[in-house]
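Trainee: Could you take me through one chain of this model in some detail, with a close look at a place where two of its helices pack together? I would like to see how that spot fits into the rest of the chain.

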Amino acid sequence: MPSFLECRDVEYTYHSLNGETKALKHISFTVDEGEFVAIVGPSGCGKTTILSLLCGQLAESAGEILFRGKPLRDHMDFHIGYMPQQDQLFEWRNIYGNVTLGLEIQKKLTEENQAYARKLMEEYGLWEFRHARPSQLSGGMRQRAALIRTLVLRPSLLLLDEPFSALDYQTRLTVADDIYQIIKKEHKTAILVTHDLSEAVSMADRVLILSKRPATVLKEVETTFEMEQRTPMKARNMAGFKEYFNEIWEVLQCQ
Amino acid sequence: MSVKRKAGVALDTGQVSVAQMAYLKQQSQHRKFVKAMRISIIIAFFFLWELAVRVGWIDGFIFSSPVRIWETMMSMGKDGSLWMHTGATLFETMISFFLTVLLGILTAVLLWCSDSAAEITEPFFVVLNSLPKSALAPLLIVWLGANQKTIIVAGMSVAIFGTILNLYTGFKESGSEKTRLIYTLGGKKHHVLTKVILPSNIPSIISIMKVDIGLCLVGVIIGEFMGARRGLGYLIIYSSQVFQLTRLIMAIVILCVIAMVLYGILNMVEKRVRR
């Protein structure tokens, strides 16, 4: 059976007047359904390029990206839920307007979808803030709104592009916990791009380590913790967390 | 700049502390002081002016005086000529202002839609923007005739190019991250325009409008200097030729009031939009 998502020898080259820059070289990995995968690597190594390729914003220079065995572009129903750096909520819309932005754009503001949006917002404590402006909400609540904005579109895959990088450290820990649990509860497959190693280890089932530019996958580290009801916060205190962290750290140092 | 805040906006609790009350009181006193000073400066200026003419420090024939201006205003108000001139200038300014804003937004959107069009036309807009528009007025009169159309076009010519350039820059700078978000939500370019670019640029559109209203007034007055039979610009030129300086200065005073009122209206609009 073909994997849920597979990148096969993907390459990408940027062109500019000063010459060409190879950002990705032979990137290969798979993601299983329901899995939470993190991608880490030195800054500027092309993590965001991978996300742009998965979004379909860029076209790979070589190789192929397959979803259930077929190229991404052939799937009309394949839909990516993208959670950007910072929440990118629109200040000129209230929270409900922000959450339903995608439905509005895709002309899918049906009663059923609106009910789903309402259900998600109620479940995650945003319904009472539906008329509020984004600036009236705390950082954590804003992240929730940003996540629900993608969830209402029932995405096949969630892409998290350093979604917590704008938050202060304390908020960051609690929000990561919060978002993780929502993703698990909604049974979503997710790819997290981050430069924060401990964030990657605490949240992901598997960590892909990228090399410097041009990026290749140096190593995959599977992170398993012996506990029921895993949460990122609890994972940080588990035996093995430090070992995983050091393992990834060394791979990054040794390149 | 008078900064008005809603008094007594409480921090977290509904209670307003004594220190907060004192602070608010001090702020409101400061505002009152600023307002009082402004009004006193105007009164003092008019008083000194009148006094200087009465005592003979300056020549009333050339410098006129507040009382003479007031009397002229009254008599011109009675025979209706004051309203005709002011009305003509206001009408022309408003029309050229609305056309400038409309055409400016439209052109900026078109440029935003096509990067090559923007790249190709940029130097032309820069040149047209830096060109002294008063140089165009005589040409416009020959081309379009000595009528209101010419004056409206003259008003627009002063403001339009700057408007297009500023709006386009604003459109280009607004959020690439937000643009990417729209695409990942399945949107097309027109969604980026209507959901991100236009709404996020409303504040900058309004501040450009605030500049435009003044520029349109300048253009309209230039146009009226050249080829009009009514309007405050005409009144100024005509009065200077027949040496009726009281009328001339009155026209300037009215222009000051118009500029103030139009700017004030836009300020109110801005506050309402920003809430």
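Mentor: Happy to! Two residues are in contact here if their C-beta atoms, placed from the backbone, lie within 7 Å. Please keep in mind that this is a predicted model.

With that in hand, let us go to helix H3 of chain B. B:Arg68, B:Ile69, B:Thr72 and B:Met73 in H3(B) meet a set from H12(B), made up of B:Thr246, B:Arg247, B:Ile249, B:Met250 and B:Val253. By class, the residues of this contact are 5 nonpolar, 2 polar and 2 charged.

Now for the geometry. Two packed helices are described by the angle between their axes and the distance between the axes. For H3 (residues 66-78) and H12 (residues 245-274) of chain B, the angle is about 85 degrees and the axes are 9 Å apart. Angles of 65 to 115 degrees count as roughly perpendicular, so H3(B) is roughly perpendicular to H12(B).

The UniProt record, an unreviewed entry, helps to place H12(B): residues 248-269 of chain B are among those it lists under "transmembrane region". In the model, residues 248-269 of chain B are 100% helix and 0% strand, with 32 Å between the end C-alpha atoms. Another span that the entry lists is 83-112 of chain B. Residues 83-112 are also 100% helix and 0% strand, and their end C-alpha atoms lie 42 Å apart.

Stepping back to the whole chain, you will find 12 helices and 0 strands in chain B. Its radius of gyration is 24 Å, well over the 19 Å that the globule rule gives for 275 residues, so chain B is more spread out than a compact globule. Along the principal axes, the C-alpha atoms of chain B fill a box of roughly 75 × 70 × 30 Å. Some 28% of the 275 residues of chain B count as buried. Among contacts in chain B with a separation of 6 or more, 71% join residues 24 or more positions apart.

Finally, a word on the neighbour. Chain B has 14 residues in contact with 13 residues of chain A. Helices H8 (176-184) and H9 (189-200) of chain B each supply at least two residues of the side that touches chain A. The largest share of that side, 7 residues, comes from H8(B). Sorted by class, the side of chain B that touches chain A has 5 nonpolar, 5 polar and 4 charged residues.

Terms used: Residues are numbered from 1 along each chain as its sequence is written. Chains are lettered from A and ligands numbered from 1 in the order in which they are written. This is a predicted model: local features need pLDDT of at least 70, side-chain atom pairs count only at pLDDT 80 or more; totals for chains, interfaces and linings use all residues. UniProt positions are given in the numbering used here, feature names are shortened, and annotations may be inferred rather than shown by experiment. Helices (H or I, at least four residues) and strands (E, at least two) are DSSP runs, numbered from the N terminus. Ala, Val, Leu, Ile, Met, Phe, Trp, Tyr, Cys and Pro count as nonpolar, Asp, Glu, Lys and Arg as charged, and the others, Gly among them, as polar. Axes are lines fitted to C-alpha atoms, for helices over the stretch in contact, and angles run from 0 to 180 degrees between N-to-C directions. Angles under 35 degrees count as roughly parallel, over 145 as roughly antiparallel, 65 to 115 as roughly perpendicular and the rest as oblique. The radius of gyration is taken over C-alpha atoms; the globule rule is 2.2 Å times the number of residues to the power 0.38. A residue is buried if 20 or more other C-beta atoms lie within 10 Å of its own, exposed if 12 or fewer, and partly exposed in between; C-beta atoms are placed from the backbone.
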